[in-house]
Every structure is written in C-alpha cells, then in structure tokens.
Amino acid sequence: MKHRANYREVVQYELMLGREATDRLREQPLAFLPIGCMERHGDHLPMGLDIIKAHRICCLAAQVIGGVVFPAHFYGGIHRLKPEVHQRVTSQFGDLFTDASAKAHLLDIIGQLAIIGVKVLVLYSGHYPVSQVEMIREIAEEVNGSGPLTVIPFAENMLWKGDHAGVSETSLMLYLDRNLVDMTRIAEVNYRNHGWEGENDPLKASAARGEAEVEQVIDYLKSEIEKAL
C-alpha cells in the first residue's frame with residue numbers, strides 16, 4: 001500500500017487500555033464508525049461482509065491518518081422494504097436489519113461520541129443501497145452545524161459504481177482478508193441472484209484491485225478529514 005501506515009498501532013477503541021483512547025482523542029478528536037448489515041453476499045463471501053470490510057478499511061485509515069475506530073455496528077443498515085418483501089428476503093437470505101430503528105440508534109451513538117470528545121466522525125457504511133446512502137447523508141445534515149461534532153458520511157459507491165459481492169467487494173475482501181473468501185463456492189445461482197455480468201463478474205476480482213480501491217478510499221477520507229479539522 002502506498003500510504004505509510006503504522007500497522008502495529010492499536011486503533012480499535014475496544015482494545016485500548018484505560019485512558020489510552022480518551023488521551024488519543026484529546027490529541028486528535030477524530031473517530032471512525034463502521035456500519036452495515038448482515039446479509040448473504042453470494043456463497044463465497046461472509047454474511048457480515050459489509051461491516052467487516054468497512055471496519056478493516058477504517059482501521060487502515062486510522063493507522064494512516066490517526067484517530068480511533070469504534071466497534072463495528074452490524075445493525076446500522078437499512079433497505080426500506082415493504083413488510084412482505086422484508087419477510088421474504090429475511091427468510092431467504094438471512095438479512096438482520098430493522099428499518100425503523102437504525103437511524104435513531106445511530107444518532108444516539110453519535111451524540112454519545114460527541115460527549116466523549118469526538119469532533120470529526122467518519123460514518124462509513126459498507127452497505128450502500130440508495131436508502132442507506134440517503135440515511136447517512138440525512139444523519140450528517142442533522143448533526144453538522146448543530147453541535148461540536150462534524151459527520152463525514154461515506155460509502156464506496158460515492159467513489160465508484162460499487163456492487164453486491166461482485167468484482168469490487170470480492171477484490172476488497174481478497175486484499176483485506178483472503179481467508180474469508182472461498183472462490184470455489186461461486187455457482188450459477190449466485191449469478192442469477194446478484195445480477196453479475198461482464199466486468200462485474202467476481203471471478204475477475206484480485207487482491208491488487210482491492211488494494212487500489214482501499215488506497216482510493218483513504219485518499220478521499222484524508223482529504224475530507226483535513227477539511228473538517
């Protein structure tokens with residue numbers, strides 16, 4: 001990776017000792033909150049892909065830029081589906097999300113982070129249907145200018161088209177944790193369910209592409225954080 005990262009540095013809030021986290025935030029009041037939902041991503045990627053990749057990218061970003069990464073929030077994702085559709089996809093694909101409470105819950109968490117001393121928060125959603133991106137932007141609009149904390153909303157499809165377990169997300173996981181990917185489990189049913197075709201075929205994924213995409217994310221976040229700070 002082209003960025004100079006201190007890979008030995010502990011940046012996860014939950015792993016820091018005693019006053020280590022609050023001291024770090026006092027020196028640099030920057031934090032990351034990775035959010036997403038649980039759902040099937042083909043048969044070759046983990047159910048928690050959205051949040052796993054967001055958390056690992058946030059940790060890399062913090063090791064490059066600074067700041068603290070708060071625990072991954074697996075229930076911060078939404079789809080805004082009709083009740084009958086919600087029931088069907090939950091039973092078929094294992095989605096564990098609740099449209100009604102996600103935004104209010106995140107606003108509560110962000111309010112608490114402001115009390116801790118966070119001044120700039122990257123709200124990184126690894127899950128990015130239109131409704132999810134709208135939600136994190138709405139949260140930023142409600143929070144920014146109303147108190148001491150500034151929210152930077154982010155999802156990967158703000159930088160590129162993105163996909164659902166296709167070439168991009170598969171490449172990211174090949175780079176972030178190859179052990180969580182099993183390319184031999186990709187089957188025809190996955191192509192039908194996920195709409196993979198052409199350049200979006202996950203079989204075209206590579207760790208090198210994933211690394212390049214992570215670098216692009218860090219470049220973007222670094223620029224936005226510098227503006228906010």
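Q: Which hand does the crossing of α2 and α6 have?
A: The crossing is left-handed in this predicted model. A crossing gets that name if the near helix is turned anticlockwise from the far one by less than a right angle.

Q: Why are α2 and α6 called oblique to each other?
A: Their axes cross at roughly 55°. Angles under 35 degrees count as roughly parallel, and 65 to 115 as roughly perpendicular. The crossing fits neither class, so α2 and α6 are oblique. The two axes also come within 10 Å.

Q: Which residues of α2 and α6 meet?
A: From α2 (residues 49-65), they include Leu49, Ile52, Ile57 and Leu60. From α6 (residues 167-176), they include Leu172, Met173 and Leu176. The contact divides into eight nonpolar, no polar and four charged residues. Asp50, Lys53 and Arg56 in α2 and Glu169 in α6 are charged, because Asp, Glu, Lys and Arg count as such.

Q: What makes β2 and β4 edge strands?
A: The open sheet has four strands in the order β2-β1-β3-β4. β2 (68-69) and β4 (150-155) each have a single partner strand, so one side of each lacks a neighbour in the sheet.

Q: How do you know that β3 and β4 pair?
A: Pairing takes at least two bridges. Strand β3 (residues 120-125) and β4 have six, in the parallel sense. In one of them, Val122 is partnered by Ile152 in β4.

Q: How does α8 run relative to β4?
A: Helix α8 (residues 207-228) makes about 165° with β4. Angles over 145 count as roughly antiparallel, so α8 and β4 are roughly antiparallel. Helix α8 touches β1, β3 and β4.

Note on methods: Residues are numbered from 1 along each chain as its sequence is written. This is a predicted model: local features need pLDDT of at least 70, side-chain atom pairs count only at pLDDT 80 or more; totals for chains, interfaces and linings use all residues. Side-chain values use heavy atoms; hydrogens and water are left out. Helices (H or I, at least four residues) and strands (E, at least two) are DSSP runs, numbered from the N terminus. Contact means heavy atoms within 4.5 Å. Axes are lines fitted to C-alpha atoms, for helices over the stretch in contact, and angles run from 0 to 180 degrees between N-to-C directions.
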